[in-house]
Amino acid sequence: MDPALLREREAFKRRAMATPTVEKKPKVETVTAPPKDDAKKKMRPPTAPKLDSNTYKTMAGSSQYRFGVLAKIVKHMRTRHQDGDDHPLTLEEILDETNQLDVGQSVKNWLGSEALMNNPKIEATPDGMRFSFKPVYKIKDGKSLLRLLKQHDLKGLGGILMEDVQESLPHCEKVLKNRASEIIFIVRPIDKKKILFYNDRTANFAVDEEFQKLWRSATVDAMDDAKIDEYLEKQGIRSMQDHGPKKPVPKRKKVANKKRQFKKPRDNEHLADVLETYEDNTLTQKGVNPT
């Protein structure tokens, strides 16, 4: 290597070492980490307020809760009646048997003063302190059921729904099984509900098969009562005139015969000073003598 270049290189190093220089360092931003406790607080999900049994009754959905309590009571009272327990209970006894003693005081007041008193399925004692189930029919055994069916048959009221009997009669299945020969069961084709009728054995009689065929061959589905009545009248049969609903005849109001009162002529008393009397073509005035 050229010695001149080496000398210049050494001289350059000495000058560079002799010249002071200031080095600019980049600023380092320090990030302070949050405390561990604050981080845990931020990560915790918000906790919902605790619901107390008393505060729940005052919330917006309390009406739904009330009617739920009432429905449970009515269902329990119906089950008691069907099992043969028909003695009335107080409100506290009902809530105890239905496991609802934790209801609020406002719900108890509503049940005792309004809900149970006005419910069509609940009957209250005269003092209003005890309650029992109110069935559709007052029947307790097989004899009372047959008596009710017989009354319906005699009065022409028809049959009784099976579901009403099941709701009203305690131990219904057992009673119906024992009285099956005295009751007629018919399924209504419209809604497939069972109807109970009284089996009147005195009305049982043999009907000739030929008459049965004639009866079944007569179709009256497309005819109303007016057409049937007209047809029977043409055939000389008038037995249907006394049956069926009678149309109310509007009553005419009788006009009272008032006697005519003849008005008497009134005296012209207000013209007493003005009236003049004519006698024998002579004029007579008040205070003037005729000449």
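## A salt bridge to start from

Glutamate 163 and lysine 193 make a good place to begin: their side chains form a salt bridge whose closest N and O atoms are 3.5 Å apart. Because glutamate 163 belongs to helix H8 and lysine 193 to the loop between S5 and S6, the pair ties together parts that are 30 residues apart in sequence. Glutamate 163 is partly exposed, with a relative accessible area of 42%, and lysine 193 is also partly exposed, at 31%. Please keep in mind throughout that this is a predicted model.

## The sheet around S5 and S6

The loop that holds lysine 193 leads us to an open sheet of three strands. Its order is S4-S6-S5, and the pairing is antiparallel. Strand S4 (160-161) and strand S5 (183-187) are the edge strands, each pairing on one side only. Five bridges link S5 to strand S6 (residues 194-198) in the antiparallel sense.

Two pairs of residues help you follow this match by eye. Phenylalanine 185 has leucine 196 in S6 as its bridge partner, and isoleucine 184 stands opposite phenylalanine 197 in S6. The hairpin of S5 and S6 has six residues between the strands, and there lysine 192 takes a positive phi near 60°.

## The other sheet

Now look earlier in the chain, where another open sheet of three strands has the order S1-S3-S2, with antiparallel pairing. Strand S1 (89-90) and strand S2 (122-124) each have a single partner strand, so one side of each is left without a neighbour in the sheet. S2 and S3 run antiparallel and are joined by three bridges. Isoleucine 122, for example, has phenylalanine 133 in S3 as its bridge partner.

A helix lies against this sheet too: H4 packs on it and touches S1, S2 and S3, with a direction that makes about 65° with that of S3.

## Two nonpolar cores

In soluble globular proteins, nonpolar side chains tend to be buried together. Here the largest nonpolar core has 18 residues, and Leu70, Ile73, Leu111 and Leu116 have the most contacts inside it. At least two residues of this core come from each of helix H4 (62-82), helix H5 (91-97), helix H6 (105-118) and strand S3 (130-133).

Which residues does leucine 116 touch, leaving aside those up to four places away in sequence? Leucine 116 touches Leu70, Ile73, Leu91, Leu111, Ile122 and Phe131. There is also a second, separate core of 15 residues, which includes Tyr137, Leu148, Ile160 and Leu176.

## More charged pairs

Side chains of opposite charge can pair when their charged atoms come close. A search of the whole structure finds eleven salt bridges. One of them joins arginine 78 to glutamate 167, with the closest N and O atoms 3.6 Å apart. Since arginine 78 lies in helix H4 and glutamate 167 in helix H8 (residues 162-168), this pair ties together parts that are 89 residues apart in sequence.

Is glutamate 167 buried or exposed? Glutamate 167 is buried, with a relative accessible area of 13%, whereas arginine 78 counts as partly exposed at 24%. Salt bridges that share partners join Arg78, Lys121 and Glu167 into one network.

Towards the start of the chain, the side chains of arginine 9 and glutamate 10 meet in a salt bridge (3.9 Å, N to O). Arginine 9 is partly exposed, with a relative accessible area of 44%, and glutamate 10 counts as partly exposed at 38%.

Terms used
Residues numbered from 1 in each chain as written. Predicted model: local features only at pLDDT ≥ 70, side-chain atom pairs only at ≥ 80, totals over all residues. Heavy atoms only, no water. Pairing = 2+ DSSP bridges. Helix = DSSP H or I, 4+ residues; strand = E, 2+ residues; numbered from the N terminus. Core = buried A, V, L, I, M, F, W, Y, C linked by side-chain atoms within 4.5 Å. Buried < 20%, exposed > 50% of the residue type's maximum accessible area, 1.4 Å probe, protein only. Contact = heavy atoms within 4.5 Å. Axes fitted to C-alpha atoms, helices over the stretch in contact; angles between N-to-C directions. Salt bridge = Lys/Arg side-chain N within 4 Å of Asp/Glu carboxyl O.
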